[in-house]
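Please find below a note on the model, set out as numbered points. The points go from single side chains to the fold, the core, the charged contacts and the surface.

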Amino acid sequence: LIERVIKNDASLQEIVLDDQNFSDDTLLDMIGALAENSHVKYLSLRNMKIGNNVAEEIANVLRDNSSLIEINLEGNQVTSNAAKKFVEILRDHNDTLQYLELADNQVRSGLISQLNKMLEDRRSKYTEEIEQSESDDESASRQSSASGDESSRQSSESGDESMSRQS
């Protein structure tokens, strides 16, 4: 798995290791490789007894990674200290992550609320951008279609003129 992350394997878009037992060193190697990976969008490490050192490394990777959209760290041993790191990185260095699950950890509810609000605002903005992009695409398509209609109308009119001249 680590080799696929390092090689930036395009077919690897989800990493789900829930309920498994890996050493911190193995997890840190894999997480470190995510910094340069541009294909993994979903990372789930639920119920793995992950502590702050691994969680903070995940936060640090988000400085460079722009493909991760969702991270699930539910049911681990992450504390508010690591959650603060996520707040800092997400606020100042990463604008692509949209979901971060920290339920059933040792994180203050106020911090979880702050993270959820930040990510909810980000998802709303992202949805608005998608809708605006789709609207722009539709407008461009209508304009292109209208231009095509105008061209075919002009060509049909010039064809009518030449036919009337021939008669």
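Does Arg-4 count as buried, partly exposed or exposed, and what is the relative accessibility behind that label?

1. The model is a predicted one, and the values in this note should be read with that in mind. To take the opening question, Arg-4 counts as partly exposed because its relative accessibility is 35%. The partner of Arg-4 is Asp-9, with which a salt bridge is formed, and the closest N and O atoms of the pair are 2.9 Å apart. Asp-9 is likewise partly exposed, since its relative accessible area of 22% lies above the 20% under which a residue would count as buried.

2. On the overall fold, the protein chain holds five helices and four strands, and the order of these elements, read from the N terminus, is α-β-α-β-α-β-α-β-α. The chain has 167 residues, of which 32% count as buried.

3. On the interior, the largest nonpolar core contains 39 residues, and the ones with the most contacts inside it are Leu-45, Phe-86 and Leu-100. At least two residues of this core come from each of helix 2 (24-34), helix 3 (52-61), helix 4 (80-92) and helix 5. The largest share, six residues, is supplied by helix 4. As general background, nonpolar side chains in soluble globular proteins tend to be buried together.

4. On the salt bridges, the count comes to six when a side-chain nitrogen of Lys or Arg must be within 4 Å of a carboxyl oxygen of Asp or Glu. One of them joins the side chains of Arg-63 and Glu-88, with an N to O distance of 3.7 Å. Arg-63 lies in the loop between helix 3 and strand 3 (70-72) while Glu-88 lies in helix 4, so this pair ties together parts that are 25 residues apart in sequence. Both partners count as partly exposed, Arg-63 with a relative accessible area of 34% and Glu-88 with a relative accessible area of 28%.

5. A further salt bridge is formed by the side chains of Asp-92 and Arg-91, at 3.1 Å from N to O. Here the labels of the partners should be kept apart: Asp-92 counts as partly exposed at 45% relative accessibility, whereas Arg-91 is exposed, with a relative accessible area of 54%. In addition, Asp-18, Arg-46 and Glu-74 are joined into one network by salt bridges that share partners.

6. On the backbone, a careful reader may wish to look at Asp-19, which is not a glycine and yet has a positive phi of about 65 degrees. Asp-19 is placed in the loop between strand 1 (14-16) and helix 2, and it counts as exposed because its relative accessibility is 55%. Asp-104 is also not a glycine, and its phi is positive at about 60 degrees. The position of Asp-104 is in the loop between strand 4 (99-101) and helix 5, where its relative accessible area of 59% makes it exposed.

7. On the surface, a patch of negative charge is made up of Asp-95, Glu-128, Glu-129, Glu-131, Glu-134, Asp-136, Asp-137 and Glu-138. Asp-136, one of these residues, lies in helix 5, which spans residues 109-166. At 41% relative accessibility, Asp-136 counts as partly exposed, and it therefore passes the accessibility condition for patches, which asks for over 30%.

8. Finally, two pairs of residues that are apart in sequence can be compared with their C-alpha distances. Glu-120, whose place is in helix 5, is 21 residues from Tyr-99 in sequence, and the C-alpha atoms of the two are 8.2 Å apart in space. Glu-120 is partly exposed, with a relative accessible area of 45%. Lys-49, found in the loop between strand 2 (42-44) and helix 3, is 29 residues from Val-78 along the chain, with 8.5 Å separating their C-alpha atoms. Lys-49 counts as exposed, given its relative accessibility of 65%.

Definitions and conventions:
Residues are numbered from 1 along each chain as its sequence is written. This is a predicted model: local features need pLDDT of at least 70, side-chain atom pairs count only at pLDDT 80 or more; totals for chains, interfaces and linings use all residues. Side-chain values use heavy atoms; hydrogens and water are left out. Patches are made of residues with over 30% relative accessible area and no salt bridge: like charges are joined within 9 Å, nonpolar side chains (Val, Leu, Ile, Met, Phe, Trp, Tyr) within 5 Å. Accessible areas come from the Shrake-Rupley method with a 1.4 Å probe; for residues, only the protein chains shown count as cover. Lys and Arg count as positive and Asp and Glu as negative; His and the chain ends are not counted. The place of a charge is taken as NZ of Lys, CZ of Arg, CG of Asp or CD of Glu. Buried means under 20% relative accessible area, exposed over 50%, partly exposed in between (1.4 Å probe, protein chains only). A nonpolar core is a set of buried Ala, Val, Leu, Ile, Met, Phe, Trp, Tyr and Cys residues joined through side-chain atoms within 4.5 Å.
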